[in-house]
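The exercises below invite the reader to study one chain step by step. Each task is followed by a worked solution.

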Amino acid sequence: MNNQQLAVVLLSGGLDSMVSAARAREDGFALLALSVDYNQRHRVELTAARRIAQALGAARHVVLPLDLSAFGGSALTDDIAVPKGGVGADIPVTYVPARNTVLLSLALAWAEAAGARDLVIGVNALDYSGYPDCRPEFIAAFESMAALATKAGVEGGRFTVHAPLQHLTKAQIVGEAARLGLDAGMSWSCYDPAPGDLHCGLCDSCRLRQRGFEEAGLPDPTRYAARP
């Protein structure tokens, strides 16, 4: 790793996580990529995560099994239909209870074990579905918790949670992917995959992805089963 500083990157396989990981690489970090197989409905995103980790030259990529379907409570982990009517104002049923808290805690554990002090997550608080664990307040609170909950923190180490896309629109994120020379087609966004490895085109995540490419004025490499 040529003595590069390490960063643990949460790599879901989605567009946002891919761009966040590439930004971390651009900033000079060696990437420890963490993907979590939580028995999500769209587990095809893990295949995308493997492609992205390889393309970005991650020093290591861990796909960690953690079956959150045992708890349920979300359309992504339970027998609940994924909404297809458009992005609404309320927190949708695709919200997975405490998911980003759980995932960042796993990233924190790996970071402390590996001697890393930087965590990277692709959360966004502009063009998103309204999840509470994507807000800047959550990221700041997690950093404070990390300082209290770890041996490294108690001994004076500081963990930083990087959320480089926090205040970008989806169009700006698409533009960042292009600027970084990324193949956006490697990523996966759809919550409810259609037969033939197609994005459904109608779930919140597909709608946001489509709109991002349209507003960025860039070609969308995604194959959709339907369009709004």
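**Exercise 1.** Determine how far apart the mean positions of the positive and negative charges of the chain are.

*Solution.* The structure is a predicted model. The chain carries 20 positive and 24 negative charges. Taking the mean position of each set, one finds that the two are 3 Å apart.

**Exercise 2.** Describe the secondary structure of the chain and judge its compactness by the globule rule.

*Solution.* Step one is to list the elements: the chain has seven helices and five strands. Read from the N terminus, they follow the order β-α-β-α-β-α-β-α-α-β-α-α. Step two compares two values: the chain has 228 residues and a radius of gyration of 17 Å, close to the 17 Å given by the globule rule, so the chain is as compact as a globular protein of that length. Step three turns to the outer dimensions, and the C-alpha atoms fill a box of roughly 55 × 40 × 30 Å along the principal axes.

**Exercise 3.** State what share of the residues is buried, and what share of the accessible surface belongs to carbon and sulfur atoms.

*Solution.* Of the 228 residues in the chain, 50% are buried. The accessible surface amounts to about 10,200 Å², and carbon and sulfur atoms account for 52% of that area. A further step concerns contacts between residues at least 6 apart in sequence: 71% of these join residues at least 24 apart.

**Exercise 4.** Identify the members of the largest nonpolar core that touch the most other members, and find which element gives the most to this core.

*Solution.* The largest nonpolar core holds 42 residues, and V8, L34, L104, L119 and I121 touch the most other members. At least two residues of this core come from each of β1 (6-10), β2 (30-37), α3 (99-114) and α4 (136-149). The greatest contribution is that of α3, with six residues. Apart from this core lies another, of 27 residues, including A33, A53, L56 and I173.

To examine one member, set aside the neighbours of I121 within four places in sequence; its remaining contacts include L10, L104, I139 and V161. The polar residues S20 and N100 are also among the contacts of I121.

**Exercise 5.** Classify E176 as buried or exposed.

*Solution.* First, locate the residue: E176 is part of helix α6 (residues 170-179). Next, apply the cut-off: buried means under 20% relative accessible area. E176 has a relative accessibility of 13%, so E176 counts as buried. Beyond its neighbours within four places in sequence, E176 is in contact with V19, R23 and L168.

**Exercise 6.** Locate N39 and D197, and describe the phi angle of N39 and of D197.

*Solution.* N39 sits in the loop between β2 and α2 (44-55). Although N39 is not a glycine, its phi is positive, at about 60 degrees. With 33% relative accessibility, N39 is partly exposed.

D197 belongs to the loop between α6 and α7 (204-216). Its phi is also positive, near 60 degrees, and D197 is a residue other than glycine. At 56% relative accessibility, D197 is exposed.

**Exercise 7.** Describe the surroundings of D78.

*Solution.* D78 is placed in the loop between β3 (60-65) and α3. Its relative accessible area of 39% makes D78 partly exposed. Leaving out neighbours within four places in sequence, the contacts of D78 are R41, G72 and G73. Finally, L68 is ten residues away from D78 along the chain, and their C-alpha atoms are separated by 9.2 Å.

Notes
Residues numbered from 1 in each chain as written. Predicted model: local features only at pLDDT ≥ 70, side-chain atom pairs only at ≥ 80, totals over all residues. Heavy atoms only, no water. Core = buried A, V, L, I, M, F, W, Y, C linked by side-chain atoms within 4.5 Å. Buried < 20%, exposed > 50% of the residue type's maximum accessible area, 1.4 Å probe, protein only. Helix = DSSP H or I, 4+ residues; strand = E, 2+ residues; numbered from the N terminus. Contact = heavy atoms within 4.5 Å. Rg over C-alpha atoms; globule rule 2.2 N^0.38 Å. Areas by Shrake-Rupley, 256 points an atom, 1.4 Å probe, with all protein chains shown as cover. Lys, Arg positive; Asp, Glu negative; His and termini not counted. Charge placed at Lys NZ, Arg CZ, Asp CG, Glu CD.
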